[in-house]
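The following paragraphs lead through a single model, beginning with one pair of packed helices and moving outward from there. Please keep the sequence and the coordinates in view while reading.

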Amino acid sequence: MQRIYMDANATTPLLPEVYEAMRPFWIEHFGNASSIHQHGQHARAAVDHARDAIARLFHCRASEIVFTSGGTESDNLALFGTLTSELSPTKEKTHVITTSIEHHAILHAAESLEHRNIDVTFLPCTAQGIIEPAELIGAIRPNTKLVSVMFANNETGVVQPIAALAAIAHAAGALFHTDAVQAAGKLPLDLGPHGPLKDVDLLTISGHKMHAPKGIGILFVRRNVRLNPMMHGGSHERQRRAGTENVAGIVGLGKAAEIAQQWLATEGPAKLAALRDRLEQGILAQVPEAGVNGGGAPRVANTTNIYFDHIEAEALVIALDLKGLSVSGGSACQSGATEPSHVLTAMGLSSNRARASIRFSLSKLTTEEEVDHALELIPTAVAHLRELSPTWQQHAVATEA
């Protein structure tokens with residue numbers, strides 16, 4: 001059976017070039033990057049090279065890159081690291097703004113802040129999944145310290161107007177953070193002092209979403225931003241994140257950043273978007289009672305989220321998996337959850353439609369042949385499940401009448 005992987009927003013396969021770059025740092029060059037002997041200095045040079053590669057991808061200073069264990073840690077470090085001094089129960093309340101469609105790494109961190117004397121506002125989105133600048137302007141208060149808005153949504157791929165939102169936050173004297181886990185390596189992200197993201201103070205990425213390994217990520221911290229560490233120990237990462245460096249993981253992320261920079265400079269994004277559109281249009285042409293969630297908004301090139309009325313997404317995920325196609329009903333972090341997607345319900349979808357929605361997320365490795373084969377599998381699987389659905393049968397009777 002041919003297996004096709006279309007769940008890249010959950011994780012991506014390690015590219016062969018990334019693996020080859022990492023391999024020596026598990027075996028031959030195993031030194032601790034903080035050691036002063038040759039083993040350690042070789043590891044330190046590799047870390048510095050990777051940091052420079054990542055800085056080039058984001059047009060920022062190498063000193064502004066903080067290595068972490070991944071997106072969740074980076075998100076938490078962005079929030080708690082900038083708000084540590086605000087958490088005293090005797091201090092006047094500070095205000096934080098985020099959105100209703102964030103990843104749970106932000107949502108749950110924000111909920112924790114609410115229990116620590118921080119006021120949090122969760123901005124609503126439009127039916128297309130967009131956070132409108134006017135909503136942010138209306139929510140900002142004199143005591144707003146931080147605004148956090150994700151760059152590209154992990155479920156729908158919808159891209160937010162981050163430059164405009166960050167400018168609004170800065171004009172009000174607040175810091176601005178964006179979770180760019182699903183944008184890094186897919187969109188050009190220029191954090192330079194004259195770039196479109198010049199007002200972004202903190203930015204999160206995760207290696208395994210861009211063909212690097214799991215267990216490595218970064219938090220970009222603009223040099224004038226004070227960040228208090230969450231973990232205490234050694235003086236690693238300029239005293240912002242204690243712990244012995246994951247040298248192999250860092251090397252892998254650095255190599256993935258180099259590959260992403262080259263890919264973004266070519267027709268890579270356009271070709272990937274064409275494959276996504278081929279899949280999306282092929283499904284809609286063959287399957288009735290289906291539509292794209294967030295289809296009218298700007299999206300990253302690899303993602304489409306499609307609802308199939310009168311079925312359960314979980315049943316379709318299983319049916320397609322049995323046919324060799326891996327897709328997702330939403331965020332991998334919420335797999336097995338009984339509640340419908342908080343992102344889709346925030347966009348105004350009914351619980352039934354949210355539960356009938358499937359995310360297809362392609363990668364650099366997806367081929368035309370895989371898309372065409374998926375288009376043979378999906379309509380058949382949907383039709384079979386609908387034959388078993390009482391609501392579909394009722395709908396068919398009503399339509400005939």
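In this predicted model, helix H9, which covers residues 268-286, packs with helix H13, residues 368-387, at an angle of about 20°, and the axes of the two helices are 10 Å apart. Since angles under 35 degrees count as roughly parallel, H9 and H13 are therefore roughly parallel to each other. The crossing in which H9 passes H13 is right-handed. On the side of H9 the contact is made by Leu275, Arg278, Leu279, Gly282, Ile283 and Gln286, while H13 contributes Glu368, Val371, Asp372, Ala374, Leu375, Ile378 and Pro379.

To place this pair in the wider architecture, it helps to turn to the domains. The domain assignment of the protein gives domain 1, residues 16-263, and domain 2, residues 267-400. Between the C-alpha centres of domain 1 and domain 2 the distance is 30 Å, and the two are in contact through 26 residues of domain 1 and 28 residues of domain 2.

How is the nonpolar interior arranged with respect to these domains? The largest nonpolar core has 65 residues, and those with the most contacts inside it are Phe58, Phe151, Phe176 and Leu189. Helix H8, residues 247-264, gives the most to this core, namely 9 residues. Domain 1 and domain 2 are both represented in this core, each with at least three residues. Apart from it lies another core, which has 31 residues, including Ala273, Ala290, Ala301 and Ile306.

Phenylalanine 151, one of the residues with the most contacts inside the largest core, shows what such a position looks like in detail. When residues up to four places away in sequence are not counted, phenylalanine 151 touches Val158, Val159, Gln160, Ile162, Thr178, Asp179, Ala180, Ala183, Leu187, Leu189 and Leu197. Leu189, which appears in that list of neighbours, is itself among the residues with the most contacts inside the core.

A last residue to consider is arginine 240, which is found in the loop between helix H7, residues 236-239, and H8. Is arginine 240 buried or exposed? Its relative accessible area is 12%, and because buried means under 20%, arginine 240 is buried. Leaving aside neighbours within four places in sequence, arginine 240 is in contact with Ser63, Glu64, Ile65, Val66, Leu77, Val221, Leu227 and Pro229. Aspartate 7, by comparison, is 233 residues from arginine 240 in sequence, and the C-alpha atoms of these two residues are 33 Å apart in space.

Conventions: Residues numbered from 1 in each chain as written. Predicted model: local features only at pLDDT ≥ 70, side-chain atom pairs only at ≥ 80, totals over all residues. Heavy atoms only, no water. Core = buried A, V, L, I, M, F, W, Y, C linked by side-chain atoms within 4.5 Å. Buried < 20%, exposed > 50% of the residue type's maximum accessible area, 1.4 Å probe, protein only. Helix = DSSP H or I, 4+ residues; strand = E, 2+ residues; numbered from the N terminus. Domains from an automatic or database assignment. Contact = heavy atoms within 4.5 Å. Axes fitted to C-alpha atoms, helices over the stretch in contact; angles between N-to-C directions. Parallel < 35°, antiparallel > 145°, perpendicular 65-115°, else oblique. Left-handed = near helix turned anticlockwise from the far one by under 90°.
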